[in-house]
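Here is a short set of exercises to work through with the structure open beside you. Try each task before reading its solution.

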Amino acid sequence: RRPGFFMAGLYLGGNRYQVRFERLADFSSIPRERRQAEIDEAMRRYAAKLEALVRESPWNWFNFYDFWQYK
């Protein structure tokens, strides 16, 4: 029953970052019968915003840590 936001931090080089916040949805007044549809739509908006940022700044989305390393 609260607003949902998209937040991302983009590295701009050196000690510079850009933090972005965008409202995805406001769930505060959605009736129960519409809740799942609104959540689904917010997830689609989240994925679209993430896709746009990856296309805008593709080198910001990498991981140097061997996250999947088996021990």
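**Exercise 1. A nonpolar patch**

Task: Find the strand that holds Phe 21, decide whether Phe 21 is buried or exposed, and name the residues that make a nonpolar surface patch with Phe 21.

Solution. Keep in mind throughout that this is a predicted model.

- Step 1: Phe 21 sits in strand β2, which covers residues 16–26.
- Step 2: The relative accessibility of Phe 21 is 59%. The cut-off for exposed is over 50%, so Phe 21 counts as exposed.
- Step 3: Together with Met 7 and Val 19, Phe 21 makes a nonpolar patch of about 340 Å² on the surface.

**Exercise 2. A patch of charge**

Task: Which residues gather in a patch of positive charge on the surface, and where is Arg 2 found?

Solution.

- Step 1: The patch of positive charge brings together Arg 1, Arg 2, Arg 32 and Arg 35.
- Step 2: Arg 2 belongs to the segment before β1, a strand that spans 3–13.
- Step 3: With a relative accessible area of 62%, Arg 2 is exposed.

**Exercise 3. Classifying a ring pair**

Task: State how many aromatic pairs a search of the whole structure finds, then classify the pair formed by Tyr 11 and Tyr 17 from its ring geometry.

Solution.

- Step 1: Searching the whole structure gives two aromatic pairs.
- Step 2: In the pair of Tyr 11 and Tyr 17, the ring centres are 5.2 Å apart and the planes stand at 55°.
- Step 3: Rings pair if their centres lie within 6.5 Å, and planes under 30 degrees apart count as stacked, over 60 as edge-to-face and the rest as tilted. The planes of Tyr 11 and Tyr 17 are at 55°, so this pair is tilted.
- Step 4: Now add the accessibility of each partner. Tyr 11 has 40% relative accessibility and counts as partly exposed, while Tyr 17, with a relative accessible area of 57%, is exposed.

**Exercise 4. A salt bridge between a helix and a strand**

Task: How many salt bridges does the structure hold, and which parts does the bridge between Glu 56 and Arg 20 tie together?

Solution.

- Step 1: There are seven salt bridges in the structure.
- Step 2: One of them joins the side chains of Glu 56 and Arg 20, with an N to O distance of 2.6 Å.
- Step 3: Glu 56 is in helix α1 (residues 32–56) and Arg 20 is in strand β2, so the bridge ties together parts that are 36 residues apart in sequence.
- Step 4: Both partners can be classified by accessibility. Glu 56 is partly exposed, at a relative accessible area of 48%, and Arg 20 is partly exposed at 22% relative accessibility.

**Exercise 5. Salt bridges along the helix**

Task: For Glu 38 and Arg 34, give the distance between the closest N and O atoms and the separation in helix α1; then do the corresponding steps for Glu 41 and Arg 44.

Solution.

- Step 1: Glu 38 and Arg 34 form a salt bridge whose closest N and O atoms are 2.7 Å apart.
- Step 2: Because Glu 38 and Arg 34 are four residues apart in helix α1, about one helical turn separates them.
- Step 3: Glu 38 is partly exposed, its relative accessible area being 22%; Arg 34 counts as partly exposed at 41% relative accessibility.
- Step 4: The side chains of Glu 41 and Arg 44 meet in a salt bridge of 3.2 Å, N to O. These residues are three residues apart in helix α1, about one turn of the helix.
- Step 5: Glu 41, with a relative accessible area of 31%, is partly exposed. A network of salt bridges links Glu 41, Arg 44 and Arg 45.

**Exercise 6. Sequence separation and distance**

Task: For Gly 9 and Asn 60, Ala 8 and Ala 25, and Ala 42 and Tyr 65, what are the separations along the chain and between C-alpha atoms?

Solution.

- Step 1: Gly 9, in strand β1, is partly exposed with a relative accessible area of 46%. Gly 9 and Asn 60 are 51 residues apart along the chain, and their C-alpha atoms are separated by 9.0 Å.
- Step 2: Ala 8 also lies in strand β1 and is buried, with a relative accessible area of 6%. Between Ala 8 and Ala 25, 17 residues apart along the chain, the C-alpha separation is 16 Å.
- Step 3: Ala 42 is in helix α1 and counts as buried at 7% relative accessibility. Its C-alpha atom is separated by 30 Å from that of Tyr 65, 23 residues apart along the chain.

Note on methods: Residues are numbered from 1 along each chain as its sequence is written. This is a predicted model: local features need pLDDT of at least 70, side-chain atom pairs count only at pLDDT 80 or more; totals for chains, interfaces and linings use all residues. Side-chain values use heavy atoms; hydrogens and water are left out. Patches are made of residues with over 30% relative accessible area and no salt bridge: like charges are joined within 9 Å, nonpolar side chains (Val, Leu, Ile, Met, Phe, Trp, Tyr) within 5 Å. Accessible areas come from the Shrake-Rupley method with a 1.4 Å probe; for residues, only the protein chains shown count as cover. A salt bridge is a side-chain nitrogen of Lys or Arg within 4 Å of a carboxyl oxygen of Asp or Glu. Lys and Arg count as positive and Asp and Glu as negative; His and the chain ends are not counted. The place of a charge is taken as NZ of Lys, CZ of Arg, CG of Asp or CD of Glu. Helices (H or I, at least four residues) and strands (E, at least two) are DSSP runs, numbered from the N terminus. Buried means under 20% relative accessible area, exposed over 50%, partly exposed in between (1.4 Å probe, protein chains only). Rings of Phe, Tyr and Trp (its six-membered ring) pair if their centres lie within 6.5 Å; planes under 30 degrees apart count as stacked, over 60 as edge-to-face and the rest as tilted.
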